[in-house]
Amino acid sequence: MDDFGHHLATNCCNGGQRYVTHDSVKNELNSILLYCGHWTKLEERGIFHDNRRPDISVYNPPSGTTRRLLIDVSITSPLVGFRPNAASDLRVGSAAQKAFNAKAHKYGQVVKDHGFSFLPFIFESTGYLHPEARKFLRLLAKGASEVKRISEEVLYKYFMKRLTTSLQLGMNELLMRF
């Protein structure tokens, strides 16, 4: 176990512990979407006619399209943990990019076949948020600022603080159990 609990929060399958942090971030993102006036459904089943289900379906996405947006949240760690013969790539964002590519590959063709839009929403356990996720939050902030009459920058920072706090609380909840 690493000193900060990154392995436990992002890689360890023991007792489903890693899902606590994931669900914390997923639920917070869903709450932000609802705050911004978007209609969502969590873990919608059967849309691909197989076992895959995205974390959040957004029926009126901020992109202005009529295509449903599917979001799949992932929390990854830049640390290797205790995998033998594995090498860490400690460049900032490299683990997030790897997870982003894996999610895009997993959902890519089936999303196109069904006419949906897709966004892998990737956090590293260190707090780094993938650029596409940051871009999406900026889009949410821009749309909400027009309706709520709050500065776009203030809303963006507020959303980031909510999500990073959710990430930290999810990881803390895990560490408090042990």
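## Getting to know this model

With a relative accessibility of 69%, H49 counts as exposed. Relative accessible area sorts residues into three groups: buried means under 20%, exposed means over 50%, and partly exposed is in between, using a 1.4 Å probe and protein chains only. This is a predicted model, in which local features need pLDDT of at least 70 and side-chain atom pairs count only at pLDDT 80 or more, while totals for chains, interfaces and linings use all residues. Residues are numbered from 1 along each chain as its sequence is written, and side-chain values use heavy atoms, with hydrogens and water left out.

**The overall plan**

The protein has five helices and four strands. Here helices (H or I, at least four residues) and strands (E, at least two) are DSSP runs, numbered from the N terminus. Read from the N terminus on, the order of elements is α-α-β-β-β-α-β-α-α. Of the 178 residues in the protein, 44% are buried. Among contacts (heavy atoms within 4.5 Å) with a separation of 6 or more, 57% are between residues 24 or more positions apart.

**The sheet and the helices across it**

Strands of a sheet pair through backbone hydrogen bonds, either parallel or antiparallel. In this model, four strands form an open sheet in the order β1-β2-β3-β4, with mixed pairing; two strands count as paired if DSSP finds at least two bridges between them. β1 (40–42) and β4 are the edge strands, each pairing on one side only. Direction ignored, neighbouring strands of this sheet are turned by 20° against each other on average. Further in, β2 (residues 56–58) and β3 (residues 69–76) run antiparallel and are joined by three bridges. Which residue of β3 is the bridge partner of S57? That partner is L70.

Two helices lie across β3 and β4. One is α3 (residues 94–114), which runs at about 160° to β4; the other is α4, at about 110° to β4. These angles run from 0 to 180 degrees between N-to-C directions, and the axes are lines fitted to C-alpha atoms, for helices over the stretch in contact.

Helix α4 also meets α2 (residues 18–35): their axes come within 10 Å and cross at roughly 35°. On the α2 side the contact is made by L29, I32, L33 and Y35, and on the α4 side by F136, L137, L140 and K148. By class, this contact has seven nonpolar, no polar and one charged residues. Ala, Val, Leu, Ile, Met, Phe, Trp, Tyr, Cys and Pro count as nonpolar, Asp, Glu, Lys and Arg as charged, and the others, Gly among them, as polar.

**A few residues to look up**

| Residue | Place | Relative accessibility |
|---|---|---|
| K103 | helix α3 | 16%, buried |
| K98 | helix α3 | 64%, exposed |
| E43 | loop between β1 and β2 | 25%, partly exposed |
| H49 | loop between β1 and β2 | 69%, exposed |

Is K103 buried or exposed? K103 is buried, because its relative accessible area is 16%. Leaving aside residues up to four places away in sequence, K103 touches D72, V73, S74, G108, F118, P120 and I122. The C-alpha atoms of K103 and I122 are separated by 9.2 Å, with their positions 19 residues apart along the chain. For K98 and I122, 24 residues apart along the chain, the C-alpha separation is 9.7 Å.

Most residues other than glycine have a negative phi, and most peptide bonds are trans. E43 is not a glycine, yet has a positive phi of about 45°. H49, also not a glycine, has a positive phi of about 65°.

**The second largest pocket**

Rolling a probe the size of a water molecule over the atoms shows where empty space is left. On a 1 Å grid over the protein atoms alone, a cavity is a set of points where a 1.4 Å probe fits but cannot get out, whereas a pocket is an open set with protein on both sides within 12 Å along at least five of seven lines; lining residues have an atom within 4 Å of a point. The second largest pocket has a volume of about 220 Å³, where volume is the space filled by probe spheres set on the points, and grid points are joined across faces, edges and corners.

The lining of this second largest pocket has 12 residues, and S63, L119, E132, F136 and L139 lie nearest its centre. Two elements, β4 (117–124) and α4 (131–148), give two or more residues to the lining. The largest share, four residues, comes from α4. By class, the lining divides into seven nonpolar, three polar and two charged residues.
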